Amino acid sequence: MTVREFPRLTRGVAAVSAGLFVLALVMAPAALAADQPKYGGTLVFAVPKDPPSFDGHRENTFALIHPVAPHYSLLIKFDQWKYPKIVGDVAESWTTSKDKKTYTFKIRKGIKWHDGSTLTARDVKATYDKIIFPPPGVTSVRKGSYTMVTKVEAPDDQTVVFKLKWAAPSLLANLASPWNFLYKATILAKDPHWYEKNIMGTGPFKFESYVPGSHWIGTKNEDYFVKGRPYLDGYKAIFIKATSARVASIRGGRAFIEFRGFSPAGRDDIVKTLGNKAKVQQGPWLCYLSVAINNGMKPFNDVRVRKALTLALDRWEASETLSAIAIIKPVGGVMRPGSEYAATEAELTKLAGFGKDIKASRKEARSLLKAAGVPAGYEFTFKNRDLPMPYEPMGIWLVDQWRKIGLNVTHKVEEKGPFFSDRKKGNFQTIMDWSCDFMDEPDLQLYKFLSHGKSGSNYSRYTDKTLDDLYVKQSKAKSKKERRKLVRQFEKRVLDEKVYTFPTLWWFKINPHWAKVKGWKQLPSHYLNQDLRDVWLAEK
């Protein structure tokens with residue numbers, strides 16, 4: 001039996017390496033003596049959008065996690081200083097059975113909900129039952145990531161047990177998902193939809209107020225179970241739609257940071273204005289923009305038409321041009337470029353739409369359209385999200401690329417409500433989609449491509465038992481070599497043989513912020529490290 005004890009939480013501080021317009025911030029616990037955390041102050045940060053709901057189990061947008069995450073605790077979490085190491089949150093330790101099919105977690109005693117009641121293992125069980133086995137009418141967009149779990153048990157108030165069908169190396173990463181807010185069992189029993197419009201957590205900050213379109217305020221939880229945290233008296237998320245206005249808010253000191261990130265131009269603008277009062281953290285991002293194609297609608301139910309759409313795209317040229325103006329750059333398939341299970345460039349260029357001979361690709365695209373009976377000048381609509389960065393430049397680029405193979409495409413930008421509704425209901429021909437995860441793990445990245453109904457984020461609405469079977473096989477694989485081979489088969493079927501949907505470019509994360517914001521380290525995901533419990537202000 002393997003036993004893991006979580007180490008005591010440590011504090012980190014900043015060591016700065018300066019450049020002219022790009023300053024890389026590296027946080028290190030060893031620097032504590034030089035930069036001691038301070039208590040007090042309110043962190044103000046900008047968010048481009050209001051949350052569509054408050055329920056982390058049903059949403060997949062930063063617009064929820066940035067203002068809402070500080071109110072909640074997780075079972076286990078990623079250590080921001082030693083990512084991707086996993087440490088405890090409400091769990092103080094865990095054990096794993098010899099066959100790796102049983103995980104037992106011990107829950108810390110005395111954790112208080114914001115209403116003063118005590119958290120128990122029953123609450124953790126109810127939370128994961130909602131995520132893994134949602135009741136009818138309740139949406140859980142990540143339930144497909146837990147196909148290996150047979151049941152969750154709470155034999156006593158301090159013990160939670162996960163029983164698995166097979167040994168799954170991705171289980172801990174999935175359990176540590178930043179979306180797995182712990183919810184109160186008695187509330188869920190009365191109304192499983194309650195958390196869509198209400199807040200009740202055990203996190204470092206209590207909910208104070210929310211004014212749609214304006215701001216969200218959280219205040220310090222004096223009864224937080226991690227002693228000495230949080231440092232801040234509170235935080236205020238201000239909702240600012242326009243990118244230029246958010247850049248101006250940080251440049252002018254109305255906000256201190258935006259956790260999602262800015263374009264190179266936005267970064268340079270902020271650093272040029274603030275000088276040594278600004279710091280920048282940047283690096284790879286576990287996100288990509290993709291095109292969801294309605295596989296049930298003519299002519300997009302024809303694989304030849306779908307393949308023509310991806311063949312039209314010159315991704316390699318776009319990597320050079322769009323990266324100069326947007327937060328997108330790497331060319332990649334279903335796994336983040338450069339990560340352990342990602343396709344090599346030689347493997348990637350063999351897939352439809354990823355080759356470097358764009359003339360040959362577009363010639364093939366026109367031939368496929370003609371064979372499918374799609375006339376020159378065929379008109380269709382591409383729906384896009386009204387979030388400028390990086391959705392607007394990518395949408396404009398896609399429409400231009402498709403016109404180069406004789407298609408006449410209308411670029412329709414929709415507000416948040418209609419966009420999310422249309423995407424969910426399949427009310428589109430083609431629509432902008434995206435995938436953002438919190439760790440490089442095939443069980444996470446491939447989940448999106450499971451059959452509609454199995455995956456809550458398969459908006460292309462196809463069913464493919466072969467993909468579903470390959471997903472399980474790669475998850476069960478006993479060696480990395482075998483698993484990588486299965487991931488390549490999965491990728492080829494999705495992107496080349498069937499072209500159900502396809503990625504465009506992966507993202508590159510750029511976070512310029514006021515240097516006085518301490519205790520926050522940029523990670524490869526804008527979903528991670530958002531409970532703000534370690535954040536402090538050097539100047540108030």
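**View 1. The second largest cavity of the predicted model and the classes of its lining residues.** Sorted by class, the residues that line the second largest cavity comprise four nonpolar, four polar and two charged residues. The space in the second largest cavity amounts to about 50 Å³, and the residues that line it are A292, D433, K448, F449, S457, N458, Y459, S460, Y462 and T501. A search of the whole structure yields three cavities of 30 Å³ or more.

**View 2. The largest cavity, between domain 1 and domain 2.** In the largest cavity there is about 270 Å³ of space, and of the 18 residues that form its lining, R142, C436, D437, Y447 and S457 are the closest to the centre. Because both domain 1 (73-187) and domain 2 (284-508) contribute residues to this lining, the largest cavity lies between the two domains. Strand β17 (residues 430-436) supplies three residues, which is the largest share of the lining of the largest cavity. When the lining of the largest cavity is divided by class, nine residues are nonpolar, six are polar and three are charged. S457, one of the residues closest to the centre of the largest cavity, also appears in the lining of the second largest cavity.

**View 3. The largest pocket, lined by residues of domain 1 and domain 2.** The largest pocket has a volume of about 570 Å³, and its lining is made up of 25 residues, among which T139, V141, K424, G456 and Y459 lie nearest the centre of the pocket. The class composition of this lining is six nonpolar, eleven polar and eight charged residues. Domain 1 (73-187) and domain 2 (284-508) each give residues to the lining, and the largest pocket therefore lies between them. Y459, named here among the residues nearest the centre of the largest pocket, is also one of the residues that line the second largest cavity.

**View 4. The surroundings of S290 in strand β14.** S290 is part of strand β14, which spans residues 278-293, and it counts as buried because its relative accessibility is 2%, where buried means under 20%. When neighbours within four places in sequence are left aside, the contacts of S290 are with I431, M432, D433, W434, T501, F502, P503 and T504. Of these contact partners of S290, D433 and T501 are included, and both D433 and T501 also belong to the lining of the second largest cavity.

Notes
Residues are numbered from 1 along each chain as its sequence is written. This is a predicted model: local features need pLDDT of at least 70, side-chain atom pairs count only at pLDDT 80 or more; totals for chains, interfaces and linings use all residues. Side-chain values use heavy atoms; hydrogens and water are left out. On a 1 Å grid over the protein atoms alone, a cavity is a set of points where a 1.4 Å probe fits but cannot get out, and a pocket is an open set with protein on both sides within 12 Å along at least five of seven lines; lining residues have an atom within 4 Å of a point. Grid points are joined across faces, edges and corners, and a volume is the space filled by probe spheres set on the points. Ala, Val, Leu, Ile, Met, Phe, Trp, Tyr, Cys and Pro count as nonpolar, Asp, Glu, Lys and Arg as charged, and the others, Gly among them, as polar. Domain bounds come from an automatic or database domain assignment. Helices (H or I, at least four residues) and strands (E, at least two) are DSSP runs, numbered from the N terminus. Buried means under 20% relative accessible area, exposed over 50%, partly exposed in between (1.4 Å probe, protein chains only). Contact means heavy atoms within 4.5 Å.
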